[in-house]
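Let's take a friendly walk through a protein model and look at how some of its rings and helices sit together. Keep the structure open while you read.

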Amino acid sequence: MLKKSLALGFVLATSISFAQTLTTNSGAPVGDNQNSKTIGNNGQVLLEDIHLIEKLAAFDRERIPERVVHARGAGAFGEFVASADFSDVTMADFLSQAGKKTPLFVRFSTVTHQQGSPETYRDPRGFAVKFYTEEGNYDLVGNNLPVFFIRDAIKFPDMVHAFKPSPIMNNASDPNRVFDFFSNLPESTHMLTWLFSDYGIPANYRQMEGNGVHAYKWVNDKGEVTYVKYKWVPQQAVKNLTQEEANKIQSTAIEHATVDLYTEIAKGNFPKWDLYVQMLKAEDFAKLDFNPVDVTKIWPEAVAKSVKVGTMTLNENPSNYFQQVEQAAFSPGTLVPGIEPSEDKLLQGRLFSYFDTQRHRIGGNFQQVEVNRPINNVKTYNQDGYMSMRKQEGDINYQPSTNKPEVVDNAKFKYSKSVFPAGTTTVQAKIDKENNFAQAGELYRSFSKKDQDNLIKNLGGALNAVQNKVIVKKMIAHFYQADKAYGERLLKATNLNVADIQEFIKK
């Protein structure tokens, strides 16, 4: 099985029989791993004890920089089975025939908190899938929630800074900073409604939905473009936690979701998700009252019906957490022919940022690490650098060449042509059709009474922790414009009234 072959290198590297001789990293036998070389029994340690120096040096470098976001994570291997032939809308090879199997690796994560933080925090959850296709790796990088806080990558560092600990308050997180930021971003209203509902704390990773969040382009062999959005639907029932349930779990365990995933796979209870896509053509965009590549919006089913693409099964635990989970590197720019990014402003920035952070964390050759390595042959003129491990040979490492070239282009895989309106100029401006509040209101009204009550309790409690009441008024004005009852209940929860927020309501 292809999936098994991916993990084979790790198994061989980590399985040590008792008959083997301990060696240095360069393979030399070690005579004594318990005592350093000294001048006599009680003298100074000698610098010439190479094994000691190598052992300490390796220990000093065991940790790589923590991810700025998505630091705490869990992972597993599995496979994806396509449910139909989608070659009429995309050249992506792994979707070219029904029943086609593709090995994959998945990393689930919390987003804003550090590695050792509890998995019960109210926080989006990362849902990143690496498909090892026959035409290269494809990373479908998303979250459990279908939308996001911001729509432009230029705000991303600011958003993360607001969520992260205060630089002066004993390195502690501060809700005053968080809501100060979002009170000035009405586009965040939809995402905050999701986050402060019970969907903000999934019960575990197995019973959690996943979303590609962004719109992408599927391109067929004729160059025709279809815009798509992805959604992972678990075959296990979706389960979330109330704040009280999360507090109870957190009192006894901080990594309950990681343990749950590992334990269930080890028992043979392999979790499964069905992958669905929604499709839109560019010519349909003008008919909508929102921008379809705006990451703060969903595509309603009435606009774009969901179509099943295939099923993912996770059936193998990592054999080494650091090598396979911590060093796993994802980017929405890891694409295959037939799948391209849309014009989504946040996605466009992530195309740079995610690759760049992996080069910082793991090095310029992070794609050569086993868990990130494609299963197909890699031939590129990129070479050398820190931890270069890919086999390189031959005299021609440039193009073009009069001699027989070692690498040739394939016109079939050129990027699709993008058509822009005549007279388009470069701008720095808000998108058309912001429509910041409508979908947040629809989401609130779709919740059951219990879910609405929990949302008001969670969000009201968070706003009551904010000291600057102008910030609170601005935030509630956003929710009031999404749904009058939603805003009125928050006003009551924070001991305010409609008159307090009138000046912040969009005219």
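## Rings in the interior

Tyr 444 has a relative accessible area of 4%, so this residue counts as buried. The structure you are looking at is a predicted model. The partner ring belongs to Tyr 486, which is also buried, with a relative accessible area of 0%.

A pair of aromatic rings is described by the distance of the centres and the angle of the planes. A search of the whole structure finds 29 aromatic pairs, and two of them are set out here.

| Pair | Centre to centre | Angle between planes | Type |
|---|---|---|---|
| Phe 108 and Trp 273 | 5.7 Å | 40 degrees | tilted |
| Tyr 444 and Tyr 486 | 4.5 Å | 0 degrees | stacked |

What does the stacked pair tie together? Tyr 444 lies in helix 10 and Tyr 486 in helix 13, so the pair links parts that are 42 residues apart in sequence.

Phe 108 sits in strand 2 and Trp 273 in strand 8, so their pair joins parts 165 residues apart in sequence. Phe 108 is buried, at 0% relative accessibility, and Trp 273 is buried at 0% as well. Both belong to a cluster linked by ring pairs, whose members include Phe 80, Tyr 138 and Trp 232.

A ring can have a charge for company too: Lys 130 lies over the face of Phe 330, 4.8 Å from the ring centre.

Now turn to helix 4, residues 175–182, where the buried residues are Asn 176, Val 178, Phe 179, Phe 181 and Phe 182. Which helices help to cover them? Among them are helix 3, helix 5, helix 11 and helix 12.

Conventions: Residues are numbered from 1 along each chain as its sequence is written. This is a predicted model: local features need pLDDT of at least 70, side-chain atom pairs count only at pLDDT 80 or more; totals for chains, interfaces and linings use all residues. Side-chain values use heavy atoms; hydrogens and water are left out. Buried means under 20% relative accessible area, exposed over 50%, partly exposed in between (1.4 Å probe, protein chains only). Helices (H or I, at least four residues) and strands (E, at least two) are DSSP runs, numbered from the N terminus. Contact means heavy atoms within 4.5 Å. Rings of Phe, Tyr and Trp (its six-membered ring) pair if their centres lie within 6.5 Å; planes under 30 degrees apart count as stacked, over 60 as edge-to-face and the rest as tilted. A charge sits over a ring if NZ of Lys or CZ of Arg is within 6 Å of the ring centre and within 35 degrees of the ring normal.
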